[in-house]
Amino acid sequence: MNICVKSRFIRTNLISNLYRFSTSVAEAEQNENVLIDDTEDEKAREAEIEKKRNVSRLSSAHYNIINDRKPYEEPKSLAHLTVKYNRKIYGKYGIASGVNPNICWPTKQEIANKKEFESVAFPYTIKEMMETAAENRRQENLKIEQREKDIAVKFAKLDQWKRELNLKIAKKTAEVQAAKQKKERLVEEVRRHFGFTLDPRDERFQEMLAKREKEQKKQEKLAKREAKDKNMIAKLQQQNSEINNKS
């Protein structure tokens, strides 16, 4: 009788212990789930607080740039997927940008294209370019030296040119003065021809003046011809005398 009572008591305690254990395990799992939910709420709360701290009212991209961070965590346009953009981002923000650094190296095709471009754009070697530059400098120095020599020669002739210029000016002034005096003499002769004062703009005065000028030119032409003939005769006589002296 006691044995039966004890076995029932043990069975009852075992069942109650198993029930309590299963209940504690379920409660522990539920409590763990509650802790995970609290963590997510904490992150959301921290994000909200961080957002409120941003009193600048800048967009997230601009705010990241100001704080030296990558502007966008996710691509916003097709340009953000290009190799060029990702190289730029990696060059500025480094490993923190999350960009694979392998894209910073050019591909075989890019290297081939670069070599082809350089072979066309820069066909000469560095040595050839240096030699060409040295020759260009030498030619330029020769031009400068020649120009300096020309300037020195011209400067030496400056006084002579000044004298020649002054002589030309004096000769031109004398010719102008002579022409003016000649004109005045002709006008005076025309006035004496008429025997009374006549307006130079009068038609009769202009006709007589033109006639006098024509006669004057004719006389000057004859005088030049006579002078030329005299010079020719004098040269012939000199040549004949030289021939007679030699003979």
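These are my notebook entries on a predicted model, taken element by element.

**Ground rules**

I number residues from 1 along each chain as its sequence is written. For local features I need pLDDT of at least 70, I count side-chain atom pairs only at pLDDT 80 or more, I use all residues for totals for chains, interfaces and linings, and I take side-chain values from heavy atoms, with hydrogens and water left out.

**Overall layout**

I looked up the secondary structure. The protein has 7 helices and 0 strands. I take helices (H or I, at least four residues) and strands (E, at least two) as DSSP runs, numbered from the N terminus. Along the sequence I read α-α-α-α-α-α-α.

Next I checked burial. Buried means under 20% relative accessible area, exposed means over 50%, and partly exposed lies in between (1.4 Å probe, protein chains only). Of the 247 residues, 7% are buried. The accessible surface comes to about 22500 Å². Carbon and sulfur atoms hold 57% of that surface. I note that these areas come from the Shrake-Rupley method with a 1.4 Å probe, and for residues only the protein chains shown count as cover.

Then I turned to contacts, meaning heavy atoms within 4.5 Å. I took the contacts between residues at least 6 apart in sequence; 15% of them join residues at least 24 apart.

**Helix α3 and its partner α2**

Which residues of α3 are buried? I found Asn-86, Ile-89 and Tyr-93. They sit on the same side of α3, because they cover an arc of only 60° around the axis. That arc is the one spanned by the directions from the helix axis to the C-beta atoms. The buried residues pack against α2. On the face turned away from the buried side I listed the exposed residues Lys-84, Lys-88, Gly-91 and Lys-92. Just after α3, Gly-94 has a positive phi of about 70°.

In α2 I picked out Asn-64. Asn-64 is buried, at a relative accessible area of 13%. Residues up to four places away in sequence aside, Asn-64 touches Arg-69, Lys-70 and Pro-71.

I also looked at the loop between α2 (60-66) and α3 (83-93), where Asp-68 lies. The phi of Asp-68 is near 60°, a positive value in a residue other than glycine. Asp-68 is exposed, at 56% relative accessibility.

**The core between α6 and α7**

I looked for the largest nonpolar core. By the rule I used, a core is a set of buried Ala, Val, Leu, Ile, Met, Phe, Trp, Tyr and Cys residues joined through side-chain atoms within 4.5 Å. The largest has 6 residues: Leu-186, Val-187, Val-190, Phe-205, Met-208 and Leu-209. Two elements, α6 (158-194) and α7 (203-246), give two or more residues to this core. In soluble globular proteins, nonpolar side chains tend to be buried together.

I followed one member, Leu-209. Apart from neighbours within four places in sequence, Leu-209 contacts Lys-183, Leu-186, Val-187 and Val-190.

**Salt bridges**

How many salt bridges are there? I count 3. The rule asks for a side-chain nitrogen of Lys or Arg within 4 Å of a carboxyl oxygen of Asp or Glu.

I started with Arg-45 and Glu-42, whose closest N and O atoms are 2.2 Å apart. They are 3 residues apart in helix α1 (residues 2-53), so about one helical turn separates them. Arg-45 is partly exposed at 42%, and Glu-42 is partly exposed at 35%.

Then I took Glu-135 and Arg-138, which meet at 2.7 Å, N to O. These two are also 3 residues apart, in helix α5, about one helical turn from each other. Glu-135 is partly exposed at 33% relative accessibility, and so is Arg-138 at 43%.

Last came Glu-110 and Arg-87, at 3.3 Å, N to O. Glu-110 lies in helix α4 (residues 108-121) and Arg-87 in helix α3, so this pair ties together parts 23 residues apart in sequence. Glu-110 is partly exposed at 34%, and Arg-87 is partly exposed at 27%.

**A nonpolar patch on the surface**

My final entry is a nonpolar surface patch of about 480 Å², made by Tyr-124, Ile-126, Met-129 and Met-130. Patches are built from residues with over 30% relative accessible area and no salt bridge; like charges are joined within 9 Å, and nonpolar side chains (Val, Leu, Ile, Met, Phe, Trp, Tyr) within 5 Å. Met-130 lies in helix α5 (residues 126-156). Met-130 is exposed, at a relative accessible area of 57%.
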